[in-house]
Amino acid sequence: MKRTVRAGLVLTAILGTGCAVVPARFAVRDAAGAKAVKRIAIMPFFLANQLSVDMDAPDKAPGLFSAGRVNYSRMFGATAEKVLGGRFTFVYGAMVEKELMQLGHYTGYVPEAGAGQRTGFTIQDAVQVGKALGVDAILIGAYAFGETQQMRAYFNEAISLRLIDVNTGKVLWGVTSRQSDNGGTVMQKALDKILKEAP
Amino acid sequence: MRGVRSIALVLLAAAAAGGCSTAGGKARLYTENAVMPDMVAVLLPSNSSNDLAAPDTMRKCVAATMVALGYLPVVSTAQEEQLRLIGVTDGGQMKAIKPEALSGALGTDGLLYTDVETFSNINIGVYKSRHVVGTILLSDAKGNKLWNVWGEVANRKVTNPLDTDAIARSFVEGMAEKWVQKLLKIHLLEEAGQTAIEMSKKTPEWPDTPAAKATAIRRDLPKN
């Protein structure tokens, strides 16, 4: 009886603080194609809140808003190597960015442009970069965070990823993860899901 | 008699003074059990408001909540450049362009159209209102509509009309807040974010909508 009361109190406390654990979700579009994938290039993530894509603005970056900026795709790449390294080989960061720059759309970080600068690439660019790097597939990602109080009540951070075959340009699988609590990270949840469910 | 009228006026003023918020969202599904697109281009919003900052603010809030709903929003300077190549520089032009041309240029299987209907910050001291209304529509690459969601948030505050000091304070505070927020490009961001969340609560998710939410969306649909 005591245990039931205690469990009830814990549940009430969890619901009362608005904490909600949303499980990561995975969808397979082409299982046969996905099975053949060994080498993956991770593209800089689309940063939804900034209408831009990830760019490397290291400690050198001046200004209040750009210093200490997190590069989510590089962070994801490093974690993916640890979690999925036995299964896939990843290419990410400077190598991918260099190839993207050669296509012209992606500028990377330009110190003269100052804070608030944006950059980007098209899906066609990403496929072309994948081919140039000799990978089987590219991973396109989008990252978002709850920017206002109301948004944070719904989600703290969220990530969506799609694996695309560089030969066909078709999506092989996708994964998404969102959290409105402070436990764990969306990246870790997404990687665990890939580890368990990727064909 | 005069005393009674004064008391009635004070009571009325006291009742009117204070704040109120309204928020809501509604969805319309065009196809039941449709496969949701894997990559969605978040197109330049059409702006029916008088605020030039409205499209960018709404677009980033909508794009962020799309990630939370499981979608992959494709939005960056490269997409804007691609649109410029086919002659699109303004959100108002979007509906005049064939969806196949848009999805072909952007390489996505979904197109998200946003319309900012209201984006207003009214401040006359005695009355302040921050009001955002928007709609989003998702179609597939061929232009077949999948869903359409409407959202609204209004935060209103009325100051006691008999308290002139409070009215002056409210006016100055409101003006300063507006000026600073415009400078930092976060003007009405709170309301735009809240509107995007109100819409999200009624938006079908990728890859599929949780059963409870799907039931709630269906319950909201107009009866034929």
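Within chain A of this predicted model, confidence varies by element: helix 1 (residues 2-16) of chain A has the lowest mean pLDDT, 46, while strand 2 of chain A has the highest, 98. Residues 7-19 of chain A have a pLDDT below 50, and beyond near neighbours in sequence this stretch has four contacts in the model. Where pLDDT is low, the predicted coordinates should not be read in detail. For chain A the mean pLDDT is 85, with 81% of its residues at 70 or more.

**Strand 6 of chain A**

Strand 2 of chain A, where confidence is highest in that chain, is one of the strands that pair with strand 6 of chain A. Strand 3 and strand 7 of chain A also pair with strand 6 of chain A. The table sets out these pairings.

| Partner of strand 6 of chain A | Sense | Bridges |
|---|---|---|
| Strand 2 (residues 39-42) of chain A | parallel | three bridges |
| Strand 3 (residues 46-47) of chain A | parallel | two bridges |
| Strand 7 of chain A | antiparallel | nine bridges |

Individual residues show how the strands are placed. A:Ile138 in strand 6 of chain A stands opposite A:Ala41, and A:Ala142 in strand 6 of chain A is the bridge partner of A:Phe46. Towards strand 7 of chain A, A:Gly141 stands opposite A:Leu161. Strand 6 of chain A is largely enclosed by the rest of the structure, because eight of its nine residues are buried.

**Contact between the chains**

Strand 6 (137-145) and strand 7 (157-165) of chain A are also among the elements that give two or more residues to the side of chain A that touches chain B. In total, 36 residues of chain A are in contact with 32 residues of chain B. Other elements that give two or more residues to this side of chain A are strand 1 (21-28), strand 4 (52-53), helix 5 (123-133), helix 6 (149-154) and strand 8 (171-179) of chain A. By residue class, the side of chain A that touches chain B has 17 nonpolar, twelve polar and seven charged residues.

**Nonpolar core**

In soluble globular proteins, nonpolar side chains tend to be buried together. The largest nonpolar core here holds 101 residues, and those that touch the most other members are A:Ala48, A:Ile138, B:Val40, B:Met66, B:Val67 and B:Leu112. Helix 2 (residues 54-68) of chain B gives the largest share of this core, nine residues.

Leaving aside neighbours within four places in sequence, the contacts of B:Val40 include B:Met66 and B:Leu112. The other residues in contact with B:Val40 are B:Tyr71, B:Leu72, B:Pro73, B:Val74, B:Thr108, B:Gly110 and B:Leu138.

Definitions and conventions:
Residues are numbered from 1 along each chain as its sequence is written. Chains are lettered from A and ligands numbered from 1 in the order in which they are written. This is a predicted model: local features need pLDDT of at least 70, side-chain atom pairs count only at pLDDT 80 or more; totals for chains, interfaces and linings use all residues. Two residues are in contact if their C-beta atoms, placed from the backbone, lie within 7 Å. Helices (H or I, at least four residues) and strands (E, at least two) are DSSP runs, numbered from the N terminus. Ala, Val, Leu, Ile, Met, Phe, Trp, Tyr, Cys and Pro count as nonpolar, Asp, Glu, Lys and Arg as charged, and the others, Gly among them, as polar. A residue is buried if 20 or more other C-beta atoms lie within 10 Å of its own, exposed if 12 or fewer, and partly exposed in between; C-beta atoms are placed from the backbone. Two strands pair if DSSP finds at least two bridges between them. A nonpolar core is a set of buried Ala, Val, Leu, Ile, Met, Phe, Trp, Tyr and Cys residues joined through C-beta atoms within 7 Å. pLDDT is the predictor's confidence in each residue, from 0 to 100.
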